[in-house]
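Biologist: Could you take me closely through one part of this complex, the sheets of the second chain and the helices packed on them, and then set that part in the context of the rest?

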Amino acid sequence: MINAVRSELLKMRSMPGIWVTFGLTIPLTVLGLLLAFATAGGFAGHTFSFVYTLAQKRQMLGAGYLGIQFLAPILGVICITSEYRHKTITTTVLLTPRRHQVLGAKILVIALWAVLMAALSLVVVTAVGLPWNAGLGGVTSQVTSQYGAVIPGLLAATVLLGLFGLGFGTLVKNQVAGILITIGGTFILEQILVALAKQIFHYNLNWLPSAAAASLAGAISRGGFNGHEGVSLLNWWQGGIVMLGWGLVPLTLGYFTTFRRDVT
Amino acid sequence: MRGLPIEIKGLSKHFGSVLAVDNLAFTVEPGRVTGFLGPNGSGKTTTLRMLLGLVNPSSGEATIGGKFYRDLQHPSGTVGAVLEATSFHPARRARTHLRMVARAGGHDEARADIVLDLVGLTADAKRKVSGFSMGMRQRLELAGALVGDPDVLILDEPSNGLDPQGIAWLREFMQYLAGEGRTILVSSHLLAEMAQTIDNVVIVSKGQLKAEGTLESVMGGVSEATMHARTPEADRLCTILSGAGSRFRRLAHDMVAVDGVTPEVLGPMLAANQIVLYELTNEGADLESIFLSVTSGLGFGDTVTPT
């Protein structure tokens, strides 16, 4: 298992698609900061303002979530579907014939990359967001005191979003289909379903992937740029369990269906 | 001896309604190069993939040293496999690919440079695989199989894409590895090069075993020559041969191969029938004629059982 993990780490590191996805965290975190200051400005009647409410401060610290919510699933999808796209699955399974170990290694490696992605966003927030906030007149210490409230949720949500992508990637094997399902499904289909559920059935559809992840990272997404203003989110721990299910169920189904099939 | 025997017992595989491998059984001995021959679509690749745990058999079993591949304690240290020259991430560098293989198998990453040198790719170690020719990919695939310094080497059509120099190199390399006592099983449909390489032969057709044994014993088991006759009267010759109950194959509009005859028998027959000849050659019992006889069902439909 350790050998498989070490190999998967090198495999991920040597894929340009992984680095592009990872690197997009930086500009999207800056965009998240821009939206955080714009949101604060809107409340204050200006274009931009320093963050001053508790929710705004947490939104600013979790600005990276704007990109993470779709970059982390893409990371998971690429991790598994590139094996089928480039037929490297043959070599992978030959080297690690006990296939559950391959998936186990991929889960650990995706978790690590997700943590790094969340950490990168926090670095950008600290390096760009805090001076920017100070420049707008904010007090830095009032924002940094909220790190402890934001980091656990951000890390957990990022890891589980990565697992979500890995799960659906394992199930469908096709890279384009995997990305369409995880991203298109959560950002288009989920929003439509949420709206329909609310309008027609007056039902609070808050257990689909995007809303579940948002509730786990609650301090972040309640700020409003995730399209969940109309949904009463689950508690953070409920969101965590639901999100874990959105990762593990397709992963388990994928393992027992596509992943154990003949490699021809 | 450091090799392990490969045993295939009653192996079958259905893909839907298609029977790709039909109750196949043979043994591969260590210390020899065994050719696994058959026409395209005869079930060679499926058999090798079942042996390597990539494809689940419908029935029967395939073991290496008495164990299933998935149960080997050190799979890549026991078996090296070359299956297809396309299973690389195009953006990955050759050396990185081999380091990845070494890591997965728990081998020293320094083996990457050693095997790159073995297959003659040291100068290309830092190049991305996307820029590799088919021949270079075959060499890299072979390097990957050798990272674990395995006791058994399984190669599926390894000479595809190799130039004549590469094929000659591969031939010598396989014989060198077999000389160290390793088990070498190599599939191919290219017979001329295999005839110069292999010690043992397993011939399959339509998923079934047609012949098995040492090359000499299989050739001896057939013990028949093939004559090639080039004539402008090929149609008339075929009619005469058919009437005489001879086994023959039409190779071209003016070329007929007659199996199981000697020049002393065929020559007088042609003279008696006043057949105009441009050329009459004794092809002997070469691997190709045996293969064609065995796989076409024109004479050797049954398994040849050599001594």
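Modeller: In this predicted model, the centres of domain 1 and domain 2 of chain B, taken over C-alpha atoms, are separated by 37 Å. Domain 1 of chain B covers residues 6–220, and domain 2 of chain B covers 224–296. The part you ask about is best taken sheet by sheet.

One open sheet of chain B is built from six strands in the order β5-β6-β7-β3-β8-β9, with mixed pairing. Because β5 (79–82) and β9 (208–214) of chain B stand at its edges with a single partner strand each, one side of each is left without a neighbour in the sheet. From one strand to the next, the twist of this six-stranded sheet averages 15 degrees. Within the sheet, strand β6 (residues 152–156) of chain B runs parallel to strand β7 (residues 183–188) of chain B, and five bridges join the two; as one point of register, B:V152 has B:T183 in β7(B) as its bridge partner.

Two helices of chain B lie across this sheet. Helix α6 (residues 164–179) of chain B crosses β3, β6 and β7 of chain B, and its direction makes an angle of about 150 degrees with β7(B). Helix α1 (residues 44–51) of chain B lies across β3 (33–37), β6, β7 and β8 (200–205) of chain B, running at about 150 degrees to β6(B).

Helix α1(B) also leads to another sheet, since it lies across β1, β2 and β4 of chain B, at about 115 degrees to β1(B). Those three strands form an open sheet in the order β2-β1-β4, and here the pairing is antiparallel. Its edge strands are β2 (18–28) and β4 (59–64) of chain B, each of which pairs on one side only, and the twist averages 20 degrees from one strand to the next. Strand β1 (residues 6–15) of chain B pairs with β2(B) in the antiparallel sense over seven bridges, and in this pairing B:K13 stands opposite B:V21 of β2(B). Helix α1(B) thus lies across strands of the six-stranded sheet and across the three-stranded one.

As for the setting, the contact between the chains takes 24 residues from chain A and 29 residues from chain B. On the side of chain A that touches chain B, α1 (2–13) and α6 (89–95) of chain A each supply at least two residues, and the largest share, six residues, comes from α1(A). Elsewhere in chain A, the 37 residues of helix α7 (residues 99–135) should span 54 Å at 1.5 Å a residue, which agrees with the 53 Å between its end C-alpha atoms. That helix, α7(A), nevertheless has a kink of about 35 degrees, centred on A:V125, and just after α7(A) the residue A:G137 takes a positive phi of about 110 degrees.

A word on confidence should go with this reading. The predictor gives the complex an ipTM of 0.80 and a pTM of 0.80. Chain B has a mean pLDDT of 85, with 89% of its residues at 70 or more, while chain A averages 86, with 94% of its residues scoring at least 70. In chain A, confidence is highest in α7(A), at a mean of 94, and lowest in helix α12 (residues 218–221) of chain A, at 51. Over residues 219–227 of chain A, pLDDT stays under 50, and the model has 29 contacts beyond four places in sequence for them; over residues 298–307 of chain B, pLDDT likewise stays under 50, with 25 such contacts. Where pLDDT is low, the predicted coordinates should not be read in detail.

How values were computed
Residues are numbered from 1 along each chain as its sequence is written. Chains are lettered from A and ligands numbered from 1 in the order in which they are written. This is a predicted model: local features need pLDDT of at least 70, side-chain atom pairs count only at pLDDT 80 or more; totals for chains, interfaces and linings use all residues. Two strands pair if DSSP finds at least two bridges between them. Helices (H or I, at least four residues) and strands (E, at least two) are DSSP runs, numbered from the N terminus. Axes are lines fitted to C-alpha atoms, for helices over the stretch in contact, and angles run from 0 to 180 degrees between N-to-C directions. Two residues are in contact if their C-beta atoms, placed from the backbone, lie within 7 Å. Domain bounds come from an automatic or database domain assignment. pLDDT is the predictor's confidence in each residue, from 0 to 100. The expected span of a helix is 1.5 Å times one less than its number of residues. The bend at a residue is the angle between axes fitted to the seven residues ending there and the seven starting there.
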